[in-house]
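Work through these short exercises with the model open. Each task is followed by its solution.

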Amino acid sequence: MNATLFRKEIKSNWILLVIFLGVLSVYSVMITMMFDPKLGDSLRMMADSMPQMFAAFGMADVGTTLLEFVTGYLYGILLIAFPGVYIIILTNRLVAKYVDNGSMAYLLAVPDKRRKIVLTQGIFLLLTLVLMTAYCTALILAVGKMLFPGEMDTAGFLRVNAGLLGLLVFFGGACFCASCICNESKNSSAISTAVVVYSILVQMISQAGEKFENVKYATPLTLFDVDGLSAGDGKAWLMAAVLYLAGILLMGTGILRFCKRDLPL
């Protein structure tokens, strides 16, 4: 890893990370504070009045426990969509933007090989995803413990977040691969946006009704089984492992392709 480049990326992208952490903080704290077992019947009445809309956002059944409530409202769309946007922006900045504006020529002028340069960028991406997931996990646990002591199934919640990180690693790997193979920043952003938006939209459609249920097999979000992870189901762990593996393989594919291709420098 190139330590100088890593520090440079921290200076260039810390504001972006802080902005998204701020947005996620607002939603995480707000949703956690809304938990009230007595409101369960009211929420179910709302869901019954607009079943397709609630189902599309993964909120058809938010359960009665704090774990079910938080995962139902946050992990259906919010903690996937916002980090997805962050990944689109960051991956484009890490590689494709340097190639597009000609700055990559300066990075490659140092004695380090291409592989070391682009590997540094990939490590930076993964570490920020780990930081984002750990931050949201710790924040929700802290707020839950403060407002509802003893209500949160901590072990189940940690398992869900381990699965969430796997999904983010998958998106990160796919978008990073796109950034590595594109010469123009706009093309990298378009491919990355298509991957994230397609995955979320297909998931929403698959939850909108029984006739669309089989559509779920066309999106990687199906591999993120919140209920299975919270229960410690072995199949859910296996699907999460597939997400991790696919993300790392996609990132590795992007790195190999970047090292071998001709760059318009």
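**Exercise 1.** Find how the axes of helices H7 and H8 cross, and classify their relative direction.

*Solution.* This is a predicted model. Step one: locate helix H7 at residues 114–147 and helix H8 at residues 154–181. Step two: take the axes, which come within 10 Å and cross at roughly 155°. Step three: apply the cut-off, where angles over 145 degrees count as roughly antiparallel. H7 and H8 are therefore roughly antiparallel to each other. Step four: add the hand, which is right-handed for this crossing.

**Exercise 2.** Describe the residues through which H7 and H8 meet.

*Solution.* Start on H7, where the residues include Val 118, Leu 125, Leu 129 and Ile 140. Then turn to H8, whose residues include Phe 157, Leu 165, Leu 168 and Phe 176. Now sort the contact by class: 14 residues are nonpolar, seven are polar and none is charged.

**Exercise 3.** Which residues have the most contacts inside the largest nonpolar core, and which helix gives the largest share of this core?

*Solution.* The core has 65 residues. Tyr 75, Tyr 86, Phe 176 and Phe 224 have the most contacts inside it. Helix H8 supplies the largest share, twelve residues. Next, follow Tyr 86 beyond its neighbours within four places in sequence: Tyr 86 touches Leu 16, Leu 17, Phe 20, Thr 128, Leu 129 and Met 132.

**Exercise 4.** State the make-up of the whole chain.

*Solution.* Count the elements: eleven helices and zero strands. Then check burial: 46% of the 265 residues are buried. Last, take contacts with a separation of 6 or more: 79% of them join residues 24 or more positions apart.

Notes. Residues are numbered from 1 along each chain as its sequence is written. This is a predicted model: local features need pLDDT of at least 70, side-chain atom pairs count only at pLDDT 80 or more; totals for chains, interfaces and linings use all residues. Side-chain values use heavy atoms; hydrogens and water are left out. A nonpolar core is a set of buried Ala, Val, Leu, Ile, Met, Phe, Trp, Tyr and Cys residues joined through side-chain atoms within 4.5 Å. Buried means under 20% relative accessible area, exposed over 50%, partly exposed in between (1.4 Å probe, protein chains only). Helices (H or I, at least four residues) and strands (E, at least two) are DSSP runs, numbered from the N terminus. Contact means heavy atoms within 4.5 Å. Axes are lines fitted to C-alpha atoms, for helices over the stretch in contact, and angles run from 0 to 180 degrees between N-to-C directions. Angles under 35 degrees count as roughly parallel, over 145 as roughly antiparallel, 65 to 115 as roughly perpendicular and the rest as oblique. A crossing is left-handed if the near helix is turned anticlockwise from the far one by less than a right angle, and right-handed if clockwise. Ala, Val, Leu, Ile, Met, Phe, Trp, Tyr, Cys and Pro count as nonpolar, Asp, Glu, Lys and Arg as charged, and the others, Gly among them, as polar.
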